[in-house]
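Dear colleague,

I am handing over the structure below, and I would be glad if you could keep it open while you read the notes that follow it.

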Amino acid sequence: MRQQDPIIVSLTKEGLTIDCLFSYNRRSKEVQETIDQGIIDHWSGHYKITDDIKKAIMVFCEAKNMPPHDFDSHLQVHVHIRHVQREDISKRRTVRIYYKPSLFLPAHVASPFYRRLWGIFKTGQIESIGLNWSPKYPGYMVLPTQTPMRCLPHVAAHEAGHIFGLGDAYGAWYRFYEPARDTSGYMMRDNTQVREQEIAMLIRAHATGRMQYFPRIFRPSSVFKGLMRALTSPFKRISKKRNR
Ligand SMILES: [Zn+2]
(Lines give C-alpha, C1' and ligand atoms only; values in the text may rest on other atoms or scores of the structure.)
Protein backbone atom coordinates (compact mmCIF):
# COMPACT_ATOMS: atom_id res chain seq x y z
CA MET A 1 0.00 0.00 0.00
CA ARG A 2 2.71 2.42 1.01
CA GLN A 3 4.27 2.10 -2.42
CA GLN A 4 1.31 4.12 -3.69
CA ASP A 5 2.01 7.13 -1.49
CA PRO A 6 3.03 10.31 -3.34
CA ILE A 7 6.09 10.75 -1.13
CA ILE A 8 8.04 7.62 -0.24
CA VAL A 9 10.80 7.95 2.33
CA SER A 10 13.24 5.07 2.55
CA LEU A 11 16.39 4.40 4.49
CA THR A 12 19.33 2.30 3.30
CA LYS A 13 23.04 2.14 4.02
CA GLU A 14 23.46 4.88 1.41
CA GLY A 15 21.23 7.21 3.37
CA LEU A 16 17.73 8.64 3.22
CA THR A 17 15.82 8.82 -0.05
CA ILE A 18 12.80 11.05 -0.55
CA ASP A 19 11.03 9.89 -3.66
CA CYS A 20 8.35 12.29 -4.94
CA LEU A 21 5.72 11.89 -7.62
CA PHE A 22 4.32 15.24 -8.78
CA SER A 23 1.68 16.25 -11.27
CA TYR A 24 1.80 19.86 -12.39
CA ASN A 25 -0.95 22.01 -13.82
CA ARG A 26 -0.50 23.16 -17.40
CA ARG A 27 0.50 26.70 -16.51
CA SER A 28 3.54 25.55 -14.56
CA LYS A 29 5.32 24.17 -17.60
CA GLU A 30 7.93 26.93 -17.77
CA VAL A 31 8.71 26.81 -14.04
CA GLN A 32 8.61 23.06 -13.29
CA GLU A 33 12.35 22.74 -13.49
CA THR A 34 12.92 25.71 -11.16
CA ILE A 35 10.49 24.28 -8.62
CA ASP A 36 11.95 20.74 -8.77
CA GLN A 37 15.50 22.02 -8.56
CA GLY A 38 14.64 24.29 -5.61
CA ILE A 39 13.29 21.31 -3.68
CA ILE A 40 16.16 18.99 -4.66
CA ASP A 41 18.90 21.54 -3.92
CA HIS A 42 17.51 22.55 -0.53
CA TRP A 43 16.58 19.16 0.88
CA SER A 44 19.34 16.94 -0.52
CA GLY A 45 22.63 17.01 1.30
CA HIS A 46 24.97 15.73 3.91
CA TYR A 47 23.49 16.19 7.40
CA LYS A 48 25.27 15.75 10.70
CA ILE A 49 23.74 12.93 12.75
CA THR A 50 22.43 14.69 15.84
CA ASP A 51 20.78 12.91 18.78
CA ASP A 52 17.48 14.06 17.37
CA ILE A 53 18.15 12.41 13.98
CA LYS A 54 19.49 9.27 15.70
CA LYS A 55 16.26 8.91 17.71
CA ALA A 56 14.10 9.61 14.66
CA ILE A 57 15.96 6.89 12.71
CA MET A 58 15.32 4.44 15.56
CA VAL A 59 11.60 5.23 15.51
CA PHE A 60 11.59 4.90 11.71
CA CYS A 61 13.35 1.49 11.72
CA GLU A 62 11.00 0.23 14.42
CA ALA A 63 7.92 1.37 12.52
CA LYS A 64 9.13 -0.26 9.30
CA ASN A 65 10.31 -3.46 11.02
CA MET A 66 13.87 -2.84 9.91
CA PRO A 67 17.03 -3.64 11.83
CA PRO A 68 18.38 -0.42 13.38
CA HIS A 69 20.63 1.49 11.01
CA ASP A 70 23.97 2.68 12.18
CA PHE A 71 25.40 5.73 10.48
CA ASP A 72 28.81 7.12 11.35
CA SER A 73 28.59 10.83 11.62
CA HIS A 74 26.55 12.01 8.66
CA LEU A 75 23.37 11.15 6.86
CA GLN A 76 23.16 11.55 3.11
CA VAL A 77 19.75 12.74 1.93
CA HIS A 78 18.71 12.35 -1.71
CA VAL A 79 15.57 13.80 -3.25
CA HIS A 80 14.18 12.29 -6.45
CA ILE A 81 11.30 13.85 -8.30
CA ARG A 82 9.29 12.26 -11.06
CA HIS A 83 6.27 13.61 -12.90
CA VAL A 84 3.11 12.18 -14.34
CA GLN A 85 1.06 14.15 -16.79
CA ARG A 86 -2.32 13.16 -15.50
CA GLU A 87 -3.14 11.99 -12.04
CA ASP A 88 -5.82 9.53 -13.06
CA ILE A 89 -3.51 7.40 -15.20
CA SER A 90 -1.00 6.83 -12.41
CA LYS A 91 -1.36 3.87 -10.07
CA ARG A 92 0.50 5.84 -7.47
CA ARG A 93 -1.07 8.98 -6.00
CA THR A 94 0.65 12.26 -6.86
CA VAL A 95 1.20 15.61 -5.23
CA ARG A 96 -0.63 18.12 -7.38
CA ILE A 97 1.26 21.38 -7.89
CA TYR A 98 -0.65 24.44 -9.06
CA TYR A 99 1.23 27.41 -10.40
CA LYS A 100 -1.49 30.03 -10.73
CA PRO A 101 -2.42 33.61 -9.87
CA SER A 102 -3.48 33.82 -6.23
CA LEU A 103 -5.01 37.14 -5.24
CA PHE A 104 -5.40 36.69 -1.51
CA LEU A 105 -3.39 33.71 -0.40
CA PRO A 106 0.39 33.42 -0.43
CA ALA A 107 2.07 30.12 -1.41
CA HIS A 108 0.60 27.28 0.63
CA VAL A 109 -0.06 23.58 0.96
CA ALA A 110 -3.59 22.49 1.74
CA SER A 111 -5.87 19.49 1.96
CA PRO A 112 -9.06 19.14 -0.04
CA PHE A 113 -12.03 20.59 1.90
CA TYR A 114 -13.51 17.27 3.00
CA ARG A 115 -10.24 16.34 4.77
CA ARG A 116 -10.01 19.61 6.69
CA LEU A 117 -12.96 18.84 8.94
CA TRP A 118 -11.31 16.44 11.34
CA GLY A 119 -7.64 17.50 11.19
CA ILE A 120 -7.82 19.74 14.24
CA PHE A 121 -9.39 16.99 16.37
CA LYS A 122 -6.62 14.59 15.35
CA THR A 123 -3.71 16.88 16.13
CA GLY A 124 -5.08 19.64 18.37
CA GLN A 125 -3.20 22.07 16.10
CA ILE A 126 -4.94 25.05 14.54
CA GLU A 127 -2.55 24.61 11.62
CA SER A 128 -4.37 21.42 10.59
CA ILE A 129 -7.50 23.36 9.64
CA GLY A 130 -5.80 23.96 6.30
CA LEU A 131 -3.66 20.85 6.04
CA ASN A 132 -4.74 17.53 7.49
CA TRP A 133 -1.54 15.73 6.56
CA SER A 134 -0.92 12.02 6.23
CA PRO A 135 1.67 10.13 4.13
CA LYS A 136 -1.19 8.98 1.92
CA TYR A 137 -2.67 12.48 1.54
CA PRO A 138 0.14 15.03 1.99
CA GLY A 139 -1.87 17.85 0.39
CA TYR A 140 -1.57 19.92 -2.76
CA MET A 141 0.76 22.86 -3.34
CA VAL A 142 -0.19 26.28 -4.63
CA LEU A 143 2.57 28.60 -5.85
CA PRO A 144 1.34 32.04 -6.93
CA THR A 145 2.52 33.25 -10.35
CA GLN A 146 3.35 36.59 -8.68
CA THR A 147 6.22 34.93 -6.74
CA PRO A 148 9.46 36.61 -7.92
CA MET A 149 11.53 34.13 -9.95
CA ARG A 150 14.55 34.43 -7.66
CA CYS A 151 12.37 33.46 -4.64
CA LEU A 152 10.53 30.59 -6.33
CA PRO A 153 13.12 27.83 -5.56
CA HIS A 154 13.13 28.81 -1.86
CA VAL A 155 9.34 29.13 -1.62
CA ALA A 156 8.91 25.75 -3.34
CA ALA A 157 11.40 24.16 -0.92
CA HIS A 158 9.48 25.59 2.07
CA GLU A 159 6.16 24.32 0.74
CA ALA A 160 7.77 20.93 0.06
CA GLY A 161 8.52 20.87 3.80
CA HIS A 162 4.75 20.82 4.43
CA ILE A 163 4.28 18.09 1.83
CA PHE A 164 7.02 16.15 3.69
CA GLY A 165 5.06 16.48 6.96
CA LEU A 166 6.45 19.56 8.73
CA GLY A 167 4.58 22.48 10.25
CA ASP A 168 5.64 26.14 10.09
CA ALA A 169 8.19 27.70 12.43
CA TYR A 170 7.53 31.37 11.66
CA GLY A 171 5.15 33.56 13.65
CA ALA A 172 1.97 32.73 11.73
CA TRP A 173 -1.44 33.52 13.28
CA TYR A 174 -1.97 29.82 14.01
CA ARG A 175 1.26 29.94 16.01
CA PHE A 176 0.00 32.92 18.03
CA TYR A 177 2.32 35.18 15.97
CA GLU A 178 5.37 33.79 17.75
CA PRO A 179 8.14 32.01 15.82
CA ALA A 180 9.51 28.74 17.23
CA ARG A 181 12.54 29.22 19.45
CA ASP A 182 16.03 29.03 17.87
CA THR A 183 14.76 28.50 14.35
CA SER A 184 16.27 31.52 12.66
CA GLY A 185 17.67 30.43 9.27
CA TYR A 186 15.45 27.32 9.14
CA MET A 187 13.61 26.33 5.99
CA MET A 188 10.24 26.31 7.77
CA ARG A 189 10.88 29.72 9.32
CA ASP A 190 12.39 31.91 6.60
CA ASN A 191 12.93 29.63 3.55
CA THR A 192 16.68 29.68 4.12
CA GLN A 193 18.22 26.26 4.71
CA VAL A 194 17.06 22.81 5.78
CA ARG A 195 18.48 22.03 9.23
CA GLU A 196 19.12 18.76 11.05
CA GLN A 197 16.03 19.24 13.21
CA GLU A 198 13.90 19.50 10.08
CA ILE A 199 15.35 16.25 8.68
CA ALA A 200 14.57 14.55 12.01
CA MET A 201 11.00 15.87 11.82
CA LEU A 202 10.61 14.55 8.27
CA ILE A 203 11.80 11.09 9.34
CA ARG A 204 9.46 11.12 12.34
CA ALA A 205 6.48 12.23 10.25
CA HIS A 206 6.98 9.26 7.93
CA ALA A 207 7.60 6.82 10.76
CA THR A 208 4.49 7.81 12.71
CA GLY A 209 2.20 8.99 9.92
CA ARG A 210 1.72 12.24 11.83
CA MET A 211 2.64 15.76 10.89
CA GLN A 212 5.42 17.21 13.06
CA TYR A 213 4.95 20.65 14.58
CA PHE A 214 7.43 23.08 16.07
CA PRO A 215 6.51 23.84 19.70
CA ARG A 216 4.18 26.80 20.09
CA ILE A 217 4.61 29.54 22.63
CA PHE A 218 1.72 31.73 23.75
CA ARG A 219 2.92 35.24 24.46
CA PRO A 220 0.12 37.84 24.84
CA SER A 221 2.37 40.70 23.61
CA SER A 222 3.14 38.84 20.36
CA VAL A 223 -0.55 38.10 19.82
CA PHE A 224 -1.38 41.78 20.33
CA LYS A 225 1.37 42.96 17.98
CA GLY A 226 0.45 40.35 15.36
CA LEU A 227 -3.24 41.25 15.46
CA MET A 228 -2.45 44.96 15.19
CA ARG A 229 -0.23 44.29 12.18
CA ALA A 230 -2.93 42.17 10.55
CA LEU A 231 -5.58 44.82 11.17
CA THR A 232 -3.58 47.83 10.05
CA SER A 233 -1.72 46.40 7.05
CA PRO A 234 -4.65 46.73 4.57
CA PHE A 235 -4.98 50.45 5.50
CA LYS A 236 -1.26 50.99 5.25
CA ARG A 237 -1.30 49.47 1.79
CA ILE A 238 -4.14 51.78 0.72
CA SER A 239 -2.46 54.90 2.06
CA LYS A 240 0.83 53.94 0.42
CA LYS A 241 -0.95 53.60 -2.93
CA ARG A 242 -2.51 57.03 -2.50
CA ASN A 243 0.79 58.61 -1.73
CA ARG A 244 2.43 57.24 -4.81
ZN1 LIG B 1 4.60 27.35 5.54
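As you look at this predicted model, please begin with helix H4, whose buried residues are Leu152, Pro153, Ala156, Ala157, His158, Glu159, Ala160, Gly161, His162 and Ile163. Since 10 of the 12 residues of H4 are buried, the helix is largely enclosed by the rest of the structure. H4 covers residues 152-163 and reaches 16 Å from its first C-alpha to its last, which is close to the 16 Å expected at 1.5 Å a residue. Just after H4, Gly165 takes a positive phi of about 105°.

One of the buried residues of H4, His162, also leads to another part of the chain, for its C-alpha atom is separated by 8.6 Å from that of His108, although the two are 54 residues apart along the chain. His108 lies in strand S6, which spans residues 108-110, and it is partly exposed, with 16 other C-beta atoms within 10 Å. Leaving aside residues up to four places away in sequence, His108 touches Gly130 and Val142.

The strands deserve a look as well, and S5 (residues 95-100) is a convenient place to start, with Val95, Ile97 and Tyr99 on a covered face and Arg96, Tyr98 and Lys100 on an uncovered one. This agrees with the general pattern that in a regular strand the side chains alternate between the two faces of the sheet. S5 runs parallel to strand S2 (residues 15-24), to which three bridges join it, and here Val95 in S5 stands opposite Phe22. S5 also pairs in the parallel sense with strand S7 (residues 140-144), over four bridges, and in S7 the bridge partner of Ile97 is Met141.

Turning to the protein as a whole, its secondary structure comes to seven helices and seven strands, and from the N terminus on these elements run β-β-α-β-α-β-β-β-α-β-α-α-α-α. The radius of gyration is 19 Å, close to the 18 Å that the globule rule gives for 244 residues, so the protein is as compact as a globular protein of that length. Its C-alpha atoms fill a box of roughly 65 × 45 × 35 Å, taken along the principal axes. Buried residues make up 35% of the 244 residues, and of the contacts with a separation of 6 or more, 74% come from residues 24 or more positions apart.

With best wishes

Conventions. Residues are numbered from 1 along each chain as its sequence is written. This is a predicted model: local features need pLDDT of at least 70, side-chain atom pairs count only at pLDDT 80 or more; totals for chains, interfaces and linings use all residues. Helices (H or I, at least four residues) and strands (E, at least two) are DSSP runs, numbered from the N terminus. The expected span of a helix is 1.5 Å times one less than its number of residues. A residue is buried if 20 or more other C-beta atoms lie within 10 Å of its own, exposed if 12 or fewer, and partly exposed in between; C-beta atoms are placed from the backbone. The radius of gyration is taken over C-alpha atoms; the globule rule is 2.2 Å times the number of residues to the power 0.38. Two residues are in contact if their C-beta atoms, placed from the backbone, lie within 7 Å. Two strands pair if DSSP finds at least two bridges between them.
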